[in-house]
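This report was prepared for a reader at the bench who wishes to see how protein and DNA meet in one model. Please consult the sequence and structure shown here alongside the text.

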Number of protein chains: 2
Amino acid sequence: MFRALVVEDQTLMRLALMNEVQASFEKCVVLGAETLNIAAVELQNSHFDLVVIDPGLPGFDPTSQGDRVAVVDRIIEASPSAIHIVVTGSDNRCEADGFRQIGAAAYLGKTGLAPGVFSDVLDDISTKGFSLRLSRAVMTKPDYRFSVLTPREHEAIDMMAHRAPGVKRKEIFSLMADRLAIDAGSAEKYYKQARAKLMRQGHTLPQGL
Amino acid sequence: MFRALVVEDQTLMRLALMNEVQASFEKCVVLGAETLNIAAVELQNSHFDLVVIDPGLPGFDPTSQGDRVAVVDRIIEASPSAIHIVVTGSDNRCEADGFRQIGAAAYLGKTGLAPGVFSDVLDDISTKGFSLRLSRAVMTKPDYRFSVLTPREHEAIDMMAHRAPGVKRKEIFSLMADRLAIDAGSAEKYYKQARAKLMRQGHTLPQGL
DNA sequence: AAAAATAGGGATGGGACCATCCCTTTTTTG
DNA sequence: CAAAAAAGGGATGGTCCCATCCCTATTTTT
C-alpha cells in the first residue's frame, strides 16, 4: 500500500493536495498534517513513500530562509527513503536549488499548480530525477463553475471554452474523448447536454459557447 | 441566479474556495480569476452578489500593505453592491480592521478555513454584519484519506477518529445521523463497512478505531 | 449543390453510492 | 448475571451519473 503525507497548514490547500496525491495513485493512503509536530509524530510511527511539504508552517517565520530550510530538512531526515516534494506560495529559483541540494525531488509554486499537474511532476521525478515548476499566472479567462452541471458536463464546457480560435468543435470532442478515455460521440453528447442546461436556466454562456 | 467571483492566484486554493461557495448556495454560478485583470474584466461585464478576494496576487508586492489594500479597494469599488470576503494566508487583526473600514464583510485566515466554515461565515455576515476568523493551528491528529472508502464511509471514520475519550460510539452515530440527516443505524452501517474495508486491506487504523 | 459540421433531441443499460431494514455473535459495562 | 454496546455481516430499492447508440433539422464549408 502506497503511503503519503502532506504537511501544509492551510486546510483547503492540504485537502486539495491530498486529493492530487490520491488521484496519482490508484490504491493509497494519504495523511495530512497541519503542523510540523503532527508530521513528526507520524514520520516516527510509520513509513511513507511520499511527503509533500509547504515550508511556511505555524510557529516558524515564513520570511526566514533558515526556518524554511529547517522544516524541510527535519522532515527529510525523518523519512530518508521517501520522495520529498516542496510546495510553496512564495517560490523562487534560488530556494529551489537549496532544497534540491538537501534532497528534495521537486519544487512547486502554488500558482499554476493545477489538478493533474501532480502526475506530471511524478513523471518528471522518475525520468529526470527532479521537477521544477515555478509560479506564473497564465490564465487569460476565468474558470467557471455551474452548480447544475455534472462533472462530465463541466469538463466538456471547460474544454470547449478554452478552444483556440479556428479549431473545430469536432476536434475538441476527439481531444476530450482521448483525455477521458471515452467515445467522441459521448463527449459531444455531454457538451450538448451541458449547453442545453445552461441555456434553459438563462445563463450567460462562457466565451466560445 | 446567485453569482459569485473568487479572485485567488493559487489554482488549487481557488478551486477549493469555489467549491466552498458553491456548497453554500444551492443554485449558483461561481467564476474564478487568477489575476486582478481577469477579475476586473468580469466585474465590468456582469453583476456579482459575492466576491472572495486573496490580496496576494501576481504583479503586486505581497509584503506591501499598500498593494494589498489597493487590490481589495479596486474590487470593492468595481462591485459596490456585492458582499466582499477577504481570504489571506498572512492574516492579522490590524489588517482585518483596515479591510473592514473599506467595506469588506469578512476577513478569513487560510489556516483553519475548513470545508463548511464558509457557511458559518455567511451566517455571521447576515446576523452580525462582519465575520473575523484569524488563522490558528488547532489540529492534534492528522487527517486521513483512504482511496478505498466512499465519501460517506470516510465521514464515519473521520468522526469516529475524533471521538473524545469516554464518548460511546452510539453517541457518535447519533451525532453523525444529525449532521448528515440520515438514520443512526445507517451511520453505524457506514462505520462498520469502512472499518471492515480497512481491516481487509491490512491498514493501520487511525487512533480511536 | 454536395458534404461536413453543428444544434437539439430520445432511449438504454450499467455501476457506484446512498439509505434502510434485518440478522447473529462477542465484548463490555452496570 | 443481565443489559447494553459493539463487531460483523446479508439483502434491498432508489438515485444519479456514465457511456453508448440512435434520430432529425439547420447551418456552415468546400
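The following paragraphs treat the two DNA strands in turn, then the polar contacts, the domains and the cysteines.

**DNA strand C**

The model is predicted. In it, DNA strand C is surrounded by 16 residues, and those closest to the strand are A:K189, A:K192, A:R195, B:R152 and B:D183. Sugar or phosphate accounts for 61% of the strand C atoms within 4 Å of the protein, and bases supply the rest. The surface near DNA strand C draws at least two residues from each of α7 (169-180) and α8 of chain A and from each of α6 (151-161) and α8 of chain B. With five residues, α8(A) gives the most to this surface. By residue class, the surface near DNA strand C comprises eight charged, six nonpolar and two polar residues.

**DNA strand D**

Around DNA strand D there are likewise 16 residues, of which A:R152, A:D183, A:Y190, B:K192 and B:R195 come nearest. Of the strand D atoms that come within 4 Å of the protein, 58% belong to sugar and phosphate. Here the class division is eight charged, six nonpolar and two polar residues. The element that gives the most to the surface near DNA strand D is α8(B), with five residues.

**Polar contacts to the DNA**

The table lists side-chain contacts to the two strands, with the type of DNA atom involved.

| Residue | DNA atom | Distance |
|---|---|---|
| A:K189 | base oxygen, DNA strand C | 2.9 Å |
| B:R152 | phosphate oxygen, DNA strand C | 2.4 Å |
| B:S186 | phosphate oxygen, DNA strand C | 3.0 Å |
| A:R152 | phosphate oxygen, DNA strand D | 2.4 Å |
| A:S186 | phosphate oxygen, DNA strand D | 2.9 Å |
| A:Y190 | base nitrogen, DNA strand D | 3.4 Å |

Two or more residues of the surface near DNA strand D come from each of α6 (151-161) and α8 (184-200) of chain A, and from each of α7 (169-180) and α8 (184-200) of chain B.

**Domains of chain A**

Chain A is assigned two segments, domain 1 (2-133) and domain 2 (151-200). The C-alpha centres of domain 1 and domain 2 of chain A are 34 Å apart.

**Cysteines**

A disulfide is a covalent bond between the sulfur atoms of two cysteines. A search of the whole structure yields zero disulfides over all chains. Are A:C94 and B:C28 buried or exposed? A:C94 has a relative accessible area of 62% and is therefore exposed, since the exposed class begins over 50%. B:C28, at 1% relative accessibility, is buried because that value falls under 20%.

Terms used:
Residues numbered from 1 in each chain as written. Chains lettered and ligands numbered in written order. Predicted model: local features only at pLDDT ≥ 70, side-chain atom pairs only at ≥ 80, totals over all residues. Heavy atoms only, no water. Near = heavy atom within 4 Å. Polar contact = N/O pair within 3.5 Å; in protein donor to acceptor, adjacent residues only side chain to side chain. Helix = DSSP H or I, 4+ residues; strand = E, 2+ residues; numbered from the N terminus. Nonpolar A, V, L, I, M, F, W, Y, C, P; charged D, E, K, R; others polar. Disulfide = S-S within 2.5 Å. Buried < 20%, exposed > 50% of the residue type's maximum accessible area, 1.4 Å probe, protein only. Domains from an automatic or database assignment.
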